[in-house]
Amino acid sequence: SGAEPIAATDCLNFGSPDKPEVFWQIEKSADGIAAACRTLNAPIIGGNVSMSNEVNGVPVYPTPTMGLVGIIHDLSQVTTTSFKQAGDAIYLIG
């Protein structure tokens, strides 16, 4: 965090695009990724797409994933995790 976005990659895993509901999932995922790239001014420069992932005719849960790389201009602005040492308390609520 704290970096200027410069490029993105994606990984898209879906069931068969021949099924209208799956095609809709793919379409809406692509719309969302495109909107994110426009907002961040970061093009997709690579990725992976896997279609027709089904078990006994049931499509896998759609899993669009996106990764982003950027340039950090000021190291003092980097946000790091709070959990840095053994024994740090982590609370999970919900």
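## Core, helix and strands of the predicted model

The largest nonpolar core has seven residues, namely A8, L12, F14, V22, I26, I33 and C37. Two or more residues of this core are given by each of β1 and α1. Helix α1 provides the largest share, with four residues. The structure described here is a predicted model.

Helix α1, which spans residues 20-40, has 21 residues. From its first C-alpha to its last, α1 reaches 30 Å, close to the 30 Å expected at 1.5 Å a residue. The buried residues in α1 are V22, I26, S29, I33 and C37. These residues lie on the same side of α1, because they cover an arc of only 70° around the axis. On the other side of α1, the residues P20, R38 and T39 are exposed. The cover over the buried residues of α1 includes the strands β1, β2, β4 (58-59) and β5.

Two of the buried helix residues can be described through their contacts. S29 is found in helix α1. S29 counts as buried because its relative accessibility is 15%, and buried means under 20%. When residues up to four places away in sequence are not counted, S29 touches F14 and P64. F14 is also one of the residues of the largest nonpolar core. C37 belongs to that core as well. With neighbours within four places in sequence left aside, C37 is in contact with A8, A42, I44 and M66. Of these partners, A8 is itself listed in the core.

The strand arrangement around the helix involves β1, β2 and β5. Strand β1 (residues 4-13) and strand β5 (residues 65-71) run antiparallel and are joined by seven bridges. Within this pairing, A7 stands opposite V69 in β5. Strand β1 is also joined to strand β2 (residues 44-50), in this case by six bridges, and these two strands run parallel. D10 has G47 as its bridge partner in β2, and N13 stands opposite S50 in β2. Together, β1, helix α1 and β2 make a right-handed β-α-β unit.

Within this unit, the connection from the helix to β2 contains N41, which is found in the loop between α1 and β2. N41 takes a positive phi of about 55° just after α1. This is a positive value in a residue other than glycine. N41 is exposed, because its relative accessible area is 65% and the cut-off for exposed is over 50%.

A positive phi near 55° is also found for N56, again in a residue other than glycine. N56 is located in the loop between β3 and β4. With a relative accessible area of 78%, N56 is exposed.

Another asparagine, N53, lies in the loop between β2 and β3 (54-55). N53 has a relative accessibility of 23% and therefore counts as partly exposed, a class that runs between the 20% cut-off for buried and the 50% cut-off for exposed. N53 and N13 are 40 residues apart in sequence, while their C-alpha atoms are 7.3 Å apart in space. Leaving out residues up to four places away in sequence, the contacts of N53 are N13, F14, G15, V58, P59 and V60. Among these, N13 is the residue that stands opposite S50 in β2, and F14 is a member of the largest nonpolar core. F14 is thus touched by N53 and also by S29.

The segment after β5 is the place of D88. D88 counts as partly exposed, because its relative accessibility is 32%. When neighbours within four places in sequence are left aside, D88 is in contact with S82 and F83.

Note on methods: Residues numbered from 1 in each chain as written. Predicted model: local features only at pLDDT ≥ 70, side-chain atom pairs only at ≥ 80, totals over all residues. Heavy atoms only, no water. Pairing = 2+ DSSP bridges. Right-handed = clockwise from strand over helix to strand, strands pointing away. Buried < 20%, exposed > 50% of the residue type's maximum accessible area, 1.4 Å probe, protein only. Contact = heavy atoms within 4.5 Å. Core = buried A, V, L, I, M, F, W, Y, C linked by side-chain atoms within 4.5 Å. Expected span 1.5 Å × (residues − 1). Arc of directions from axis to C-beta.
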